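Work through the exercises below with the model open. Try each task before reading its solution.

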Amino acid sequence: MSVLTGAMEGAAPVSAASGVSESAGRAPDRPVDLVHLSRYTMGDRGLETELLGLFRQQARVYLARMENAAGPEEWQNAAHSLKGSAKAVGAWAVAAAAEAAEAMRAADVSSLRSQIAVIDAKISAASAYIDDLLSI
C-alpha cells in the first residue's frame, strides 16, 4: 500500500511554506542557480551539463518513489534524496519543497498529495529551464 492510499502514522503535516528559505546570494527568480552550479563544478561546463541532465532524470524517479512509498520511511528517504540532488545543482525551490515533504509524517493523505503536486510543479519548472539551457 502506498503512502498516498494509506495513512501514515505520526505528527501533523508540515506545510510547504516551512521549507528551506532562499539565502542571500541565491537566485530565487531562476529554477536553477547557475552561479551555485558553476561553483560546485569549479566551472567545468561538461560536468554542469552532466549534472543537470542527471538531475532532470532522477528528480522524476524520486518523485515516483514518493508517490509509491509504502510508508513514512520510504517517503522520507525519497524526499531526502530529492532534496540532496536539488541542492547539488542549485534547484532551491525543488529542495525547499522536498525538505518540507521530508518532514511530513501525516495521516492526512490529501496533504501528501498536495505536496506531491507542489514538488511536481517545481520539478517541471526546473526541467523546462534545464531543457532550454541544454538546447543552446
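Angles over 145 degrees between N-to-C directions count as roughly antiparallel, and those under 35 degrees as roughly parallel. Keep that cut-off for Exercise 2. The model is predicted.

**Exercise 1. Set out the fold.**
State how many helices and strands the chain has, and give their order.

*Solution.*
- Step 1. Count the elements: five helices and zero strands.
- Step 2. Read along the sequence: the pattern is α-α-α-α-α.
- Step 3. Check the contacts with a separation of 6 or more. Residues 24 or more positions apart account for 71% of them.
- Step 4. Turn to burial and surface. Of the 136 residues, 40% are buried. The accessible surface comes to about 7000 Å², and carbon and sulfur atoms hold 53% of it.

**Exercise 2. Classify a helix pair.**
Are α3 and α4 roughly parallel or roughly antiparallel?

*Solution.*
- Step 1. Take the geometry: the two axes come within 8 Å and cross at roughly 160°.
- Step 2. Apply the cut-off. The angle lies over 145 degrees, so α3 and α4 are roughly antiparallel to each other.
- Step 3. Add the handedness: α3 passes α4 in a left-handed crossing.
- Step 4. List the contact faces. From α3 come W75, Q76, A79, H80, L82, K83, A86 and K87. They meet W92, V94, A95, A98, E99, A101 and E102 in α4.

**Exercise 3. Place E102.**
Is E102 buried or exposed?

*Solution.*
- Step 1. Locate E102: it sits in helix α4.
- Step 2. Compare its accessibility with the cut-off. Buried means under 20% relative accessible area. E102 has 18%, so E102 counts as buried.
- Step 3. Find what E102 touches. Leaving out residues up to four places away in sequence, E102 is in contact with W75, Q76, A79, H80 and K83.
- Step 4. Look at the whole helix. Nine of the eleven residues of α4 are buried; among them are W92, V94 and E102. The buried residues of α4 pack against α1 (34-40), α2, α3 and α5.

**Exercise 4. Trace the core.**
Which element gives the most to the largest nonpolar core?

*Solution.*
- Step 1. Take the core: it has 29 residues. F55, M66, W75, L82, V94, I119 and I123 touch the most other members.
- Step 2. Assign the contributors. α2 (45-67), α3 (72-89), α4 (92-102) and α5 (109-134) each give two or more residues.
- Step 3. Pick the top contributor: α5, with seven residues.
- Step 4. Follow one member. Beyond its neighbours within four places in sequence, L82 contacts F55, A59, Y62, V94, A98, I119 and I123.

Note on methods
Residues numbered from 1 in each chain as written. Predicted model: local features only at pLDDT ≥ 70, side-chain atom pairs only at ≥ 80, totals over all residues. Heavy atoms only, no water. Helix = DSSP H or I, 4+ residues; strand = E, 2+ residues; numbered from the N terminus. Buried < 20%, exposed > 50% of the residue type's maximum accessible area, 1.4 Å probe, protein only. Contact = heavy atoms within 4.5 Å. Areas by Shrake-Rupley, 256 points an atom, 1.4 Å probe, with all protein chains shown as cover. Core = buried A, V, L, I, M, F, W, Y, C linked by side-chain atoms within 4.5 Å. Axes fitted to C-alpha atoms, helices over the stretch in contact; angles between N-to-C directions. Parallel < 35°, antiparallel > 145°, perpendicular 65-115°, else oblique. Left-handed = near helix turned anticlockwise from the far one by under 90°.
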